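Here is a short report on a structure with its sequence. Look it over first, then read on for the details.

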Number of protein chains: 2
Amino acid sequence: MTTQLMKIGELTERAGVSSRTVHYYENLGLISPVQRDGPKHRLYEPEVLQRLQKIAALKKLGLSLEDIAGVIDLYFQSDAAPLSGKIKVIEILKGQLENVDKQIDELSAFRSDLIKNISHMERLYGEALMQKS
Amino acid sequence: MTTQLMKIGELTERAGVSSRTVHYYENLGLISPVQRDGPKHRLYEPEVLQRLQKIAALKKLGLSLEDIAGVIDLYFQSDAAPLSGKIKVIEILKGQLENVDKQIDELSAFRSDLIKNISHMERLYGEALMQKS
DNA sequence: CCCAAATCTACAGTTGACGTAAAATGAATA
DNA sequence: TATTCATTTTACGTCAACTGTAGATTTGGG
């Protein structure tokens with residue numbers, strides 16, 4: 001069982017964030033390296049990369065880092081977690097699903113607005129060309 | 001022609017933003033009151049309300065206020081604008097359309113991820129209940 | 001063993017997006 | 001017209017989320 005650990009350099013390159021940010025997130029409790037009694041340089045499990053990606057996604061949802069700190073673990077909970085915990089997870093995930101749906105609706109509305117604007121502009125564009133001749 | 005001007009109080013209430021925000025936006029050049037040589041209190045045309053709403057929408061798209069400053073005028077250009085301007089507007093609007101589509105895609109991906117997580121959790125929930133009996 | 005590259009710690013600085021408190025204004029009322 | 005009192009204005013303060021950086025430490029390779 002070779003749990004493929006990586007140093008912060010590889011992690012940041014793969015996740016597309018700076019090492020400063022990684023330290024910052026560690027400080028907020030969003031991620032953490034493996035226990036390091038011996039080595040002074042941090043080592044990370046591959047799961048941390050997943051976590052960073054999930055954090056980015058949740059940020060795009062509009063969650064603050066503090067909010068994220070409150071839910072990030074839900075996504076990486078072991079299947080052996082206590083039943084009460086699982087029930088709560090389901091609640092929260094469903095809440096997030098609602099939010100996502102709402103945001104998709106909003107974006108769709110904005111999208112059709114855009115399309116309306118574009119075709120309006122293109123109509124004007126056409127008229128202007130007509131007058132030129 | 002009674003151009004129905006409003007004071008900042010009405011504007012903020014209708015737009016759902018604070019007066020501080022309105023002043024801040026004015027400072028960034030996002031909006032502006034009518035010329036006030038005499039009165040010290042700002043007066044706004046109804047169009048400013050539209051602008052504030054558009055700003056809110058663009059913010060939800062993830063644009064910074066600075067980004068927005070670069071495009072907001074495109075939405076409120078007179079139909080009599082020069083042809084070259086209109087062409088540029090169309091370009092930019094189409095660029096935004098691409099962004100919106102990308103974001104919708106991302107959200108959709110996040111959404112199905114969520115659903116997968118939820119059903120996974122519900123499966124575990126079920127199993128846990130089975131073992132309880 | 002030695003060196004260059006990577007990492008660590010700690011503290012300060014920045015940026016975006018506002019909040020707040022006190023002074024100034026102006027519309028209604030006495 | 002004088003007063004009053006809600007609105008507005010202005011200037012300074014705040015908070016989150018980074019980001020810079022400088023000097024000390026660690027590490028892997030020759």
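## Elements of chain A

Helices here are DSSP runs (H or I) of at least four residues, and strands are E runs of at least two, numbered from the N terminus. The model is a predicted one. By that count, chain A has 5 helices and 2 strands. Read from the N terminus, their order is β-α-α-β-α-α-α. Chain A has a radius of gyration of 23 Å, whereas the globule rule gives 14 Å for 133 residues, so the chain is more spread out than a compact globule.

The box around the C-alpha atoms of chain A tells of its extent. Along the principal axes, that box is roughly 80 × 40 × 30 Å. Contacts in chain A with a separation of 6 or more were also sorted by distance in sequence: 50% of them join residues 24 or more positions apart.

## Surface and charge

Of the 133 residues in chain A, 31% count as buried. The accessible surface of chain A is about 8400 Å². Carbon and sulfur atoms account for 51% of that surface.

Charges come next. Chain A carries 18 positive and 18 negative side chains. The centres of these two sets are 4 Å apart.

## How the two copies relate

Chain B can be superposed on chain A with an RMSD of 0.6 Å. The operation is a turn of 179° with a shift of 0.0 Å along the axis. The two copies are therefore related as by a two-fold rotation axis. Within chain B, the residue that comes closest to this axis is Ile104(B), with its C-alpha at 3.0 Å.

Which surface do the copies use to meet? Of the interface residues of chain B, 100% are also interface residues in chain A, so the copies meet through the same surface.

## Two sites in chain A

Thr12(A) sits in helix α1, which spans residues 8–15 of chain A. Its relative accessibility is 14%, and because the cut-off for buried is under 20%, Thr12(A) counts as buried. Beyond the residues up to four places away in sequence, Thr12(A) touches Val17(A), Ser18(A), Ser19(A) and Val22(A). Thr12(A) and Ser108(A) are 96 residues apart along the chain, and their C-alpha atoms are separated by 33 Å.

Gly70(A) belongs to helix α4, residues 65–71 of chain A. Is Gly70(A) buried or exposed? Its relative accessibility is 55%, so Gly70(A) counts as exposed. From Gly70(A) to Leu52(A) the C-alpha distance is 15 Å, with their positions 18 residues apart in sequence.

## Residues that touch the other chain

Ile118(A) is part of helix α5, residues 83–132 of chain A. At 7% relative accessibility, Ile118(A) is buried. Setting aside neighbours within four places in sequence, Ile118(A) contacts Leu93(B), Lys94(B) and Leu97(B).

Lys54(B) lies in helix α3, residues 46–60 of chain B. Which residues does Lys54(B) contact, leaving aside its neighbours within four places in sequence? From chain A they are Asp113(A) and Asn117(A). From chain B they are Ile72(B), Tyr75(B) and Phe76(B). Lys54(B) has a relative accessibility of 12%, so this lysine counts as buried.

## A buried loop residue

Leu61(B) is in the loop between α3 and α4 (65–71) of chain B. Leu61(B) is buried, with a relative accessible area of 5%. Its contacts, without neighbours within four places in sequence, again involve both chains. Leu107(A) and Phe110(A) come from chain A, while Gln96(B), Val100(B) and Gln103(B) come from chain B. Leu61(B) and Met6(B) are 55 residues apart in sequence, and their C-alpha atoms are 28 Å apart in space.

Technical notes: Residues are numbered from 1 along each chain as its sequence is written. Chains are lettered from A and ligands numbered from 1 in the order in which they are written. This is a predicted model: local features need pLDDT of at least 70, side-chain atom pairs count only at pLDDT 80 or more; totals for chains, interfaces and linings use all residues. Side-chain values use heavy atoms; hydrogens and water are left out. Buried means under 20% relative accessible area, exposed over 50%, partly exposed in between (1.4 Å probe, protein chains only). Copies are superposed by least squares on the C-alpha atoms of residues with pLDDT of at least 70 in both. Contact means heavy atoms within 4.5 Å. The radius of gyration is taken over C-alpha atoms; the globule rule is 2.2 Å times the number of residues to the power 0.38. Accessible areas come from the Shrake-Rupley method with a 1.4 Å probe; for residues, only the protein chains shown count as cover. Lys and Arg count as positive and Asp and Glu as negative; His and the chain ends are not counted. The place of a charge is taken as NZ of Lys, CZ of Arg, CG of Asp or CD of Glu.
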